[in-house]
Amino acid sequence: LVDRGDSCAIELCDYPAEARRRHRLGVLRLVRLGAASQVRFLRRQLLRGNDYSLALAAASLPREPLVDDIIDAAYVQAMGLDDALPYTRKEFADCVEAGAGEVVTQANEIEQVVFTAVGTLGTCRQLLAHMPPGKWLDTREDIDRQLQDLLVEGFVRDSGFQWLSQYPRYMKALVLRLERLSGQYPKDQRHTAMVNALQAPLAQLLAQRPGVLRDAEPVCLYRWMLEEFRVSLFAQNLGTRLPVSRKRLEEQWQKVQAWLALNPQ
């Protein structure tokens, strides 16, 4: 089942992993099409008000795409679409019935996490804007790349709440890194080089197989371990969600390679 924007269609895909990814988005679209009035209500209510507008402006984020992302995430969570996808009419009806009453609650919970993260992101943007021109360029490039990865299209929908809920801490870690940069630049450089070396194989893999983060749990875990590793290096006082070190990341990448050997496509 594939997403056609204002409709859905059945298509045959070349690979099972591709089919699962597209089916998830197709089911999500079908759910939203069947709940049009609720979607309109959420679009009117979410991230609405002066405080939200100011935070979004400071963070350089447009409201409408972010609201749609929150709505998608709310339906994914309420319907359990990341746990089990429906493949029959009855499974789909049962899925909708089980989750319909939770959508607004989930949307409000996600909205608060996103708002907290966005507020701190605005502070991060201000600190970046006030960095001396031509100074600390490697740090700026690293942070720009990190933000691009964290704020990729569909990040609210696709991160899963267990990792999305860590975004406020990731943003706070960025702020602390920037606030300490002038007095710790040589240390920051060493840490940046270490992170870049660990990030490089993942970036190469994602360029070759863009959907692999959804296909492979070992790859997904490596991606989030990198974020936790950044926290441990640049804002250690914030703590990490799981034990992480360079050695643990190298061991996790071996698991990624083992998965890729078993799943060449």
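1. Helix 3 (residues 50–59; helices here are DSSP runs of H or I with at least four residues, numbered from the N terminus) has Tyr52, Ala55, Leu56 and Ala59 buried, where buried means under 20% relative accessible area, exposed over 50% and partly exposed in between, with a 1.4 Å probe and protein chains only. These four cover an arc of only 95° around the axis, which puts them on the same side of helix 3; the arc is taken from the directions from the helix axis to the C-beta atoms. On the other side, Asn50, Leu54 and Ala57 are exposed.

2. A word on the model: it is predicted, so local features need pLDDT of at least 70 and side-chain atom pairs pLDDT 80 or more, while totals for chains, interfaces and linings use all residues. Residues are numbered from 1 along each chain as its sequence is written, and side-chain values use heavy atoms, without hydrogens and water.

3. What do the buried residues of helix 3 pack against? Their partners are helix 4 (63–79) and helix 6 (103–129), with contact meaning heavy atoms within 4.5 Å.

4. Two non-glycine residues have a positive phi, and they flank helix 3 in the loops. Leucine 47, at about 50°, lies in the loop between helix 2 (36–45) and helix 3 and is buried, with a relative accessible area of 3%. Serine 60, at about 60°, is found in the loop between helix 3 and helix 4 and is exposed, at 53%.
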